[in-house]
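Please look through the structure shown below before reading on, and keep it open beside this note. The points that follow are numbered so that each can be checked in turn.

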Amino acid sequence: MLKKTRALNINLSATLERALKEELAKHKPAQWIEENRTAIRSYNEFVEQHGCFGDEFREF
């Protein structure tokens with residue numbers, strides 16, 4: 001595979017960097033949710049108990 005890559009003059013470091021960025025981007029949303037799980041749960045509980053800010057102004 002390395003011989004074919006070199007024969008096609010493919011930049012290995014640039015290709016690897018792009019692949020790593022794509023892979024990290026896939027994991028970013030799940031990581032954010034995990035890091036903020038407690039705050040999300042607290043907010044949802046607050047909304048269940050007290051409603052959402054501005055509910056009294058809703059027209060739908």
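**Notes on the model**

1. Glu23 and Lys26 are both part of helix α2, where a spacing of three residues places them about one turn of the helix apart. Their side chains meet in a salt bridge, with a distance of 3.5 Å from N to O. Please bear in mind, here and in the points below, that this is a predicted model.

2. How exposed are these two partners? Glu23 has a relative accessibility of 37% and therefore counts as partly exposed, whereas Lys26, at 60% relative accessibility, counts as exposed. The cut-off that matters for Lys26 is 50%, because a residue is called exposed when its relative accessible area is over that value.

3. A second pair in the helix deserves a look beside the one above. Glu17 and Lys21 stand four residues apart in helix α2, so about one helical turn separates them. The side chains of Glu17 and Lys21 also meet in a salt bridge, at 3.5 Å from N to O. Glu17 is partly exposed, at 46% relative accessibility, while Lys21 reaches 54% and counts as exposed. As a general point, side chains of opposite charge can pair when their charged atoms come close.

4. How many salt bridges does a search of the whole structure find? The search finds three, and one of them joins Arg37 to Glu34, with the closest N and O atoms 2.7 Å apart. Arg37 has a relative accessible area of 37%, so this residue is partly exposed, and Glu34, with a relative accessible area of 49%, is partly exposed as well.

5. The backbone also offers something to examine, at Asn9, which is found in the loop between α1 (2–7) and α2. Although Asn9 is not a glycine, its phi is positive, at about 55 degrees. For background, most residues other than glycine have a negative phi. Asn9 has 70% relative accessibility and so counts as exposed.

6. Finally, which residues form a nonpolar patch on the surface? The patch consists of Trp32, Ile33 and Ile40, which together have about 290 Å² of accessible area. Of these residues, Trp32 can be placed in helix α2, which covers residues 12–35. When you return to the structure, it may help to find Trp32 in the helix and then to locate Ile33 and Ile40, the other members of the patch.

Notes
Residues are numbered from 1 along each chain as its sequence is written. This is a predicted model: local features need pLDDT of at least 70, side-chain atom pairs count only at pLDDT 80 or more; totals for chains, interfaces and linings use all residues. Side-chain values use heavy atoms; hydrogens and water are left out. Patches are made of residues with over 30% relative accessible area and no salt bridge: like charges are joined within 9 Å, nonpolar side chains (Val, Leu, Ile, Met, Phe, Trp, Tyr) within 5 Å. Accessible areas come from the Shrake-Rupley method with a 1.4 Å probe; for residues, only the protein chains shown count as cover. A salt bridge is a side-chain nitrogen of Lys or Arg within 4 Å of a carboxyl oxygen of Asp or Glu. Helices (H or I, at least four residues) and strands (E, at least two) are DSSP runs, numbered from the N terminus. Buried means under 20% relative accessible area, exposed over 50%, partly exposed in between (1.4 Å probe, protein chains only).
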